[in-house]
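Please find below a colleague's note on the pockets and cysteines of the model. The points are numbered for ease of reply.

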Amino acid sequence: MDSSPVPGFMKYFTKESCYPNQAEAMRYIADALEKGEVVLFEGACGTGKTLSALAPALEIAARQNKKVIIVTNVHQQMVQFINEARDIKRKVDIHVAVMKGKQAMCPRHKDYEECRALSENTYELLEMERNLLKSKKEFADATEKYKTTKDPEYNRLRAELEKEIQEMENTIHRKRDLSCTPLYEVLKIESPAFKNWLFDDVRSPEDINEYANGRGMCGYELLKREIKRADLIICNYHHVLSQEIFMTLLGWLEKLPEDLILIFDEAHNIENAARSHSSIVISEKTIEKAVIEIGEHADKFPEKLKEDAQKILLCFLSAIRETYDQALEFGERNRIGKNWKDIRISDPYERFDVVKSVFLKKINTYAQEEGRVLSETSLRMIMESVSDIGYEIDLMYHEKFKSGADIIRKKSNISVAADYLAAHLLLSENPNYYPILNIRRDQQSGEIYGRMELFTCIPKNVTAPLFDSLGGLVLMSATLRPFSMIKETLGIERACTEIAFPLTFPAKNRKTFAVSVPPLFSSRRDDAQTLAAVEDAIVSAILATDGNTLIYFQSFSEAERYVHVLKNHEKIQSESIPVLFDEAGVSSNAVREEFFKIGESGKRSVLVSYILGTLSEGIDFQGKRARTVIVVGVGYPALNDRIRAVEAAYDIVFGDKKGWEFAISVPTIRRVRQAMGRVVRSPDDFGVRLLLDARFQKKSVSRLWKYSVYNQFPEEEREEFMDISPAEVEQELKAFFSGKNTTE
Ligand code: SF4
């Protein structure tokens with residue numbers, strides 16, 4: 001009998017027993033967090049990763065007076081976290097707060113700037129009301145004293161106070177119109193009712209809004225006031241990856257980063273999320289508005305600075321316009337629609353920025369006309385001065401809105417444009433940033449306009465300082481490996497504990513087939529023979545599956561092509577199998593729910609989706625919801641300039657060949673593994689994973705050599721792959737499902 005003491009974290013463990021490896025994972029995580037190490041945790045879908053991370057993190061946080069924050073970028077996961085937290089709360093009375101963004105919770109639908117002004121007014125209103133009460137009390141005292149003493153001094157004081165009170169009441173009346181009533185209601189209450197209600201259960205943001213709206217209050221502000229009492233905070237990536245929001249959150253929590261244990265779910269997505277947080281964008285319209293605004297506020301600028309600012313921004317604007325005008329081929333202009341189209345202005349490897357070069361030529365002409373030299377450094381310094389004045393102007397807009405002089409909160413474009421140009425001049429040739437020009441057609445005016453973007457290739461500047469400052473960090477995902485890449489790309493330099501547990505559900509409950517349809521290279525995807533082989537294999541799998549079939553294609557357009565084929569296929573029609581499509585303009589949730597409903601009723605249907613769609617990650621197709629998942633093709637992304645730029649940046653930073661691996665190959669295989677992991681979600685669940693492309697096969701290592709992707713899967717996963725031909729699909733699937741009870 002095992003006589004070792006029960007680890008402290010087990011008091012937060014809510015299941016009757018652990019999955020295989022779960023106890024071990026919790027021990028490793030507890031040890032690592034105790035030592036302040038970073039945990040890299042890969043565990044197959046449905047093996048209890050969330051609880052394995054939460055239990056030790058909560059136990060250590062309780063002992064070390066820390067707080068645990070768990071973040072996700074997938075809505076469905078947030079729902080799962082709430083459920084897990086509820087289970088824990090039934091065992092241990094932890095305080096949990098679930099956060100959403102301010103705009104999502106604001107009952108008045110105000111944006112950040114409007115809310116700021118309304119909030120300031122509300123606080124000032126309360127202060128005025130307190131002062132009014134004080135003055136009224138003084139008035140009452142003076143009245144009383146006059147009555148008893150008949151001293152005319154008290155009468156004079158009364159008259160003064162009466163006048164002051166009248167003025168105060170008028171100001172308060174005006175202020176009330178400019179304040180936020182739901183916030184006012186929050187600030188007025190002293191009762192612990194909300195706190196008690198909030199921590200009596202695990203409340204979702206929707207629950208909080210319902211509570212607050214019913215009482216005429218702001219749910220966001222109510223939550224903000226109580227969040228410091230929470231032991232566990234559930235929120236999304238944005239709350240921690242945006243430095244500004246993270247600092248605000250720390251302020252509410254009254255904690256430092258070292259007092260936090262942060263758990264990232266679906267951590268393979270951090271790189272992309274951080275990239276979008278650190279990339280900077282500016283539209284041609286913003287620059288245009290900034291130039292006009294400088295003219296409108298000419299009195300705020302020293303004369304020469306005003307002239308320089310307008311001239312420099314106009315040079316940048318015309319450099320953008322000239323560049324895309326010249327890049328468009330004959331007739332291409334007419335084909336530009338409402339979606340952004342990338343225009344190459346810099347080779348991803350060579351890095352010569354055309355827009356910047358055209359801009360600097362224009363600046364030279366301007367400077368020469370004036371007999372002076374404008375270097376890049378002096379241009380940046382001018383833009384910094386312009387930006388400072390832009391911020392002052394924005395503050396003026398804030399004050400005008402706050403005082404009611406403006407009904408709409410104007411936003412200054414001056415500092416936005418100046419900051420962008422200064423950053424562009426500094427960074428556009430830095431390998432970590434890639435400048436891109438996009439254009440599209442304005443739907444109202446019908447005119448084409450452009451947008452400049454400084455795309456971040458390696459977002460270490462966001463993640464490294466954050467990860468370095470935390471008290472504890474767990475990165476978990478079903479597809480986190482290779483760990484060396486995660487560490488390098490996110491800039492993790494602290495000691496790490498690496499945990500990777502394979503799928504431990506009974507092997508008899510799943511089969512993974514790699515089918516020898518011709519490799520779906522983009523050049524050969526349209527071959528008649530390839531199309532027929534893919535179609536036959538898919539139809540055979542659908543017909544042989546005792547339940548729902550889920551199919552992921554490499555792209556939306558590929559999915560669209562096959563959905564027509566399947567809907568019109570004689571055998572699919574004769575079996576009356578509905579073919580559902582996760583298409584643009586239709587709610588993915590609605591399609592998914594319909595698919596679940598058909599599967600759970602014991603019938604069959606097909607759901608056609610695509611890798612990178614919202615249904616390829618974080619959705620649980622457990623049990624009868626899906627029995628077979630098919631991944632068609634390896635799914636390399638279209639090698640556009642952004643991906644090439646990321647590849648080039650990795651090549652430069654980490655050495656040759658890392659670029660392809662880090663930017664393209666590893667993320668592609670992770671997406672395939674995520675898609676495969678949608679089925680077989682518990683020990684009793686069963687299903688088939690079908691990989692349609694010869695490059696997945698074991699024999700492709702020798703036959704297709706460098707095109708093979710077999711060895712890019714973790715060893716224990718690829719060892720399960722069975723190479724079969726399209727003709728064998730039906731028979732293999734029928735054999736698998738014949739021994740299973742699909743009615744459960
Ligand atoms: S304080 Fe609350 S209700 Fe008022 S504007 Fe801000 S978020 Fe909206």
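The points below take up the basis of the model, its two pockets and its cysteines.

1. This is a predicted model, in which local features need pLDDT of at least 70 and side-chain atom pairs count only at pLDDT 80 or more, while totals for chains, interfaces and linings use all residues. Residues are numbered from 1 along each chain as its sequence is written, and side-chain values use heavy atoms, without hydrogens and water.

2. The largest pocket holds about 1600 Å³ of space. Its lining comprises 43 residues, with Y112, E113, S242, E244 and I245 nearest the centre. (A pocket is an open set of points on a 1 Å grid over the protein atoms alone, where a 1.4 Å probe fits, with protein on both sides within 12 Å along at least five of seven lines; lining residues have an atom within 4 Å of a point.) By class, this lining has 18 nonpolar, 16 polar and 9 charged residues.

3. The second largest pocket contains about 1300 Å³ of space. Among its 37 lining residues, N269, N272, L612, P637 and R671 are the closest to its centre. The largest share of this lining, 6 residues, is supplied by helix 27. Domain 1 (8-94 + 231-276 + 471-501) and domain 4 (507-738) each contribute at least three residues; these bounds come from an automatic or database domain assignment.

4. The whole structure has 0 disulfides, a disulfide being a pair of cysteine sulfur atoms within 2.5 Å. C315 is buried (under 20% relative accessible area, 1.4 Å probe, protein chains only) at 6%, and C457 is likewise buried, at 0%.

Note on methods:
Points joined across faces, edges and corners; volume = space filled by probe spheres on them. Nonpolar A, V, L, I, M, F, W, Y, C, P; charged D, E, K, R; others polar. Helix = DSSP H or I, 4+ residues; strand = E, 2+ residues; numbered from the N terminus. Buried < 20%, exposed > 50% of the residue type's maximum accessible area, 1.4 Å probe, protein only.
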